[in-house]
Amino acid sequence: MTGLLQDREVAARVLDHIAQGKTDLGGDVWREPVANYRSEARLEAEIGTVLRRYPVPFCPSAALPDPGCYVAREAAGVPILAVRGRDGIVRAFRNACRHRGMQVAAGSGCTNAFVCRYHGWAYRLDGGLGHIPHEEGFPGLDKAEHGLVPVTAVERAGLVFVTQDGSDHQEVLDDLPPVIGAGQRVFATSEREVPANWKISAEGFLEGYHILPTHRETFFPYGFDNLNVIEAFGRNSRVTFPFRRIEKLAAVPPAERRVDGMLTYVYHLFPNVMIAMLSRHTQMVVLEPLDAGRTRFVTYAMAEAPPDGGPLPEEVTRDTDFVERSGGAEDREVTCAIQRAIGSGANMHFTFGRFEGAIVHFHRMLDAALDGG
């Protein structure tokens, strides 16, 4: 079991926090050296030891709904291709032709085969090399040994996890909660480069201590400042951000309480993926480090598919727009300002207090992973 609270338990804890004027508190204070955000050597270790050796969410399962559907993008600096095979199984490969290294797919879509646009070598959905134009020019070449190079792919909890180097640490996938449920549809994807370290970007998702000063006119009128439920499960965490309307549940018998539309759950799936379960839609955000001072945000937006297969309701678009105004733009502004000042010499370390327990958990788990734990 993950040990996460049930929805009714979360509601009870939130209502108690409201009544008592308090929030969840972590056990200790953490001081993270500023050098760990600036060092390219540290970043290389984070990428090589953690992002490439641990199962990392690559895309939602909903991005690969049918056989032949694929997603191709860079993960931890490596071009990776994930595709659902004709047998329904998701596989992932290094996105490089075995002839001259050209990438065989870009973006996302649906196909029957991957054909390199440099010389036309063609690969089946299972990665096998199916066709070489003018094959007589390659005497003795064994097609069976020249398929796309696989990496470990596992589908779990509504997500596709990819482990690039080896297949260690698969135990971290045990007992994951059903983060993204069946019936979700991807309705938008985007990529955005942010001039900030990936860990500074991650930290902004993981605490509500900043809600009033950062989101005074956007999120705060609908939510609370510094009122969260914070839970850890394995190397991961979940932070609950309640809306003010959850106070209505105080008059509802505990067994009948429903939290839909009353709060946002933000899951941090170690090391670099955030899943925000919002009122009308779900966002998966992958924080791909480009260098010590730049991060690519890869975002998948999902919602429950209408049973008739028609368009998504307007409430989904309104929800998406509100989240961008209240959270995305303002948080990125703060994140970039931190990055601009990080080399000022003002701080030798950043101090994370007891209100910021999910961030403390993140750094503790990252340090342990870098140490081989």
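**Exercise 1. Helix H7 in the predicted model**

Task: Decide whether H7 is mostly covered or mostly open in this predicted model.

Solution.
- Step 1. Take the cut-off: a residue is buried when its relative accessible area is under 20%.
- Step 2. Apply it along the helix. Ten of the 14 residues of H7 are buried.
- Step 3. Name them. The run Gly-357, Ala-358, Ile-359, Val-360, His-361, Phe-362 and His-363 is among them, and Met-365, Leu-366 and Ala-369 are buried too.
- Step 4. Conclude: H7 is mostly covered.

**Exercise 2. The span of H7**

Task: Compare the reach of H7 with the expected span.

Solution.
- Step 1. Count the residues: H7 has 14.
- Step 2. Work out the expectation. The rule is 1.5 Å times one less than the number of residues. For H7 that gives 20 Å.
- Step 3. Check the model. From first C-alpha to last, H7 reaches 20 Å, close to the expected value.
- Step 4. Look past the end. Gly-372 follows H7, and its phi is positive, near 90 degrees.

**Exercise 3. A nonpolar patch**

Task: Find the residues that make the nonpolar surface patch, and place Phe-355.

Solution.
- Step 1. List the members: Leu-25, Tyr-209 and Phe-355.
- Step 2. Give the area: the patch covers about 280 Å².
- Step 3. Locate Phe-355. It sits in the loop between strand S19 (349-352) and helix H7 (357-370).
- Step 4. Classify Phe-355. Its relative accessible area is 30%, so it is partly exposed.

**Exercise 4. Two positive phi values**

Task: Say where Ala-76 and His-169 lie, and whether each is buried or partly exposed.

Solution.
- Step 1. Start with Ala-76. Its phi is positive, about 55 degrees, although it is not a glycine.
- Step 2. Ala-76 lies in the loop between strand S3 (69-75) and strand S4 (78-84). With a relative accessible area of 3%, Ala-76 is buried.
- Step 3. Turn to His-169. Its phi is also positive, near 65 degrees.
- Step 4. His-169 lies in the loop between strand S11 (159-163) and strand S12 (184-194). At 22% relative accessible area, His-169 is partly exposed.

**Exercise 5. Charge in a loop**

Task: Identify the patch of negative charge and place Asp-174.

Solution.
- Step 1. Name the group on the surface: Asp-168, Glu-171, Asp-174 and Asp-175.
- Step 2. Place Asp-174: it is in the loop between S11 and S12.
- Step 3. Classify it. Asp-174 has a relative accessible area of 48%, so it is partly exposed.

**Exercise 6. A cis bond**

Task: Find which peptide bond is cis between Phe-270 and Pro-271, and its loop.

Solution.
- Step 1. Read omega: the bond from Phe-270 to Pro-271 is cis, with omega near 5 degrees.
- Step 2. Place Pro-271: it lies between strand S15 (263-269) and strand S16 (273-277), in the loop.

Note on methods: Residues are numbered from 1 along each chain as its sequence is written. This is a predicted model: local features need pLDDT of at least 70, side-chain atom pairs count only at pLDDT 80 or more; totals for chains, interfaces and linings use all residues. Side-chain values use heavy atoms; hydrogens and water are left out. Patches are made of residues with over 30% relative accessible area and no salt bridge: like charges are joined within 9 Å, nonpolar side chains (Val, Leu, Ile, Met, Phe, Trp, Tyr) within 5 Å. Accessible areas come from the Shrake-Rupley method with a 1.4 Å probe; for residues, only the protein chains shown count as cover. A salt bridge is a side-chain nitrogen of Lys or Arg within 4 Å of a carboxyl oxygen of Asp or Glu. Helices (H or I, at least four residues) and strands (E, at least two) are DSSP runs, numbered from the N terminus. Buried means under 20% relative accessible area, exposed over 50%, partly exposed in between (1.4 Å probe, protein chains only). Lys and Arg count as positive and Asp and Glu as negative; His and the chain ends are not counted. The place of a charge is taken as NZ of Lys, CZ of Arg, CG of Asp or CD of Glu.
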